[in-house]
Amino acid sequence: MAIIKQYHADTDTTYVYESTSYWDPEKGQSRAVRKCIGKIDPATGEIVPTGKRGRKKKEAVPALNQEEVDKYKALFLQAKQECADLTVKNNDLQAQVRSLTEKNEKLTSMIRKISDFIEEV
């Protein structure tokens, strides 16, 4: 069993493998099996385990008590109501913009007609 370091240029990382050699009678030659142990930390030079053994533990999400759950439910319902109110207000404002746009087009048309009439006279 040997320890092998291999540099991967694409990730700029040096990985450390545990290599075990065995004889392959079918091919009539020696073969090797490698198992990744980890990678070398460039700052410290230490081996940092990878894989399941080296993964950082997930921090447990603290459970909420009923008071906090009720508080978040109330905040959610309040935000949902505000969103509905703003949607109604937005629809009203869009209708108002459409109405004013129509009035603007009519007035612009009237101004053009009056301007054309004045130029003819």
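1. Threonine 20 stands opposite valine 33 in β3. This pair belongs to the β2–β3 ladder of the predicted model, in which ten bridges join the two antiparallel strands. Another pair in the ladder links tyrosine 15 with its bridge partner in β3, lysine 39. The hairpin formed by β2 and β3 has four residues between the strands, and glycine 28 takes a positive phi near 70° there.

2. Confidence can be stated before going further. The protein chain has a mean pLDDT of 90, with 97% of its residues at 70 or more. The lowest mean falls in β4, at 85, while the highest, 95, is that of α1. Comments on β4 below should be read with that value of 85 in mind.

3. The sheet is open and has four strands in the order β1-β2-β3-β4, paired in the antiparallel sense. The edges are taken by β1 (2–8) and β4 (47–49); each of these has a single partner strand, so one side of each lacks a neighbour in the sheet. From one strand to the next, the twist averages 55°. As a general point, the strands of a sheet pair through backbone hydrogen bonds, in a parallel or an antiparallel arrangement.

4. At one edge, β1 runs antiparallel to β2 and is joined to it by seven bridges. Alanine 2 has serine 19 of β2 as its bridge partner, and histidine 8 stands opposite threonine 13, also in β2.

5. The loop between β1 and β2 (13–24) deserves a separate look. It contains aspartate 12, and the hairpin of these two strands has four residues between them. What is the sign of phi at aspartate 12? The angle is positive, near 55°, in a residue other than glycine. In general, most residues other than glycine have a negative phi. Aspartate 12 has a relative accessibility of 57% and therefore counts as exposed.

6. At the other edge, β3 (residues 29–40) pairs with β4 in the antiparallel sense over three bridges. Isoleucine 40 stands opposite isoleucine 47 of β4, and the bridge partner of glycine 38 in that strand is proline 49. Six residues lie between β3 and β4 in their hairpin, and glycine 45 in the turn has a positive phi of about 80°.

7. Is serine 19 buried or exposed? This residue of strand β2 has a relative accessibility of 7% and so counts as buried, the cut-off being under 20%. Neighbours within four places in sequence left aside, serine 19 is in contact with Met1, Ala2, Ile4, Ala32, Val33 and Arg34. Two residues in that list return elsewhere in this note: Ala2 is joined to serine 19 by a bridge, and Val33 stands opposite threonine 20. On strands in general, side chains alternate between the two faces of the sheet when the strand is regular.

8. Which aromatic pairs does the structure hold? A search of the whole structure finds zero. Tyrosine rings do take part in another kind of arrangement, with a charged side chain over the ring face. Arginine 34 lies over the face of tyrosine 17, at 5.7 Å from the ring centre. Lysine 71 is placed over the face of tyrosine 72, at 5.4 Å from the centre of that ring. Arg34 is also one of the residues in contact with serine 19.

9. The helix α1 spans residues 66–120 and includes glutamate 119. With 62% relative accessibility, glutamate 119 counts as exposed because the cut-off is over 50%. How many ångströms separate the C-alpha atoms of glutamate 119 and alanine 79? The separation is 58 Å, for two residues that are 40 residues apart along the chain. The mean pLDDT of α1, at 95, is the highest in the protein chain.

Notes
Residues numbered from 1 in each chain as written. Heavy atoms only, no water. Pairing = 2+ DSSP bridges. Axes fitted to C-alpha atoms, helices over the stretch in contact; angles between N-to-C directions. Buried < 20%, exposed > 50% of the residue type's maximum accessible area, 1.4 Å probe, protein only. Contact = heavy atoms within 4.5 Å. Phe/Tyr/Trp six-rings, centres within 6.5 Å; stacked < 30°, edge-to-face > 60°. Lys NZ or Arg CZ within 6 Å of the ring centre and 35° of its normal. pLDDT = per-residue confidence, 0-100.
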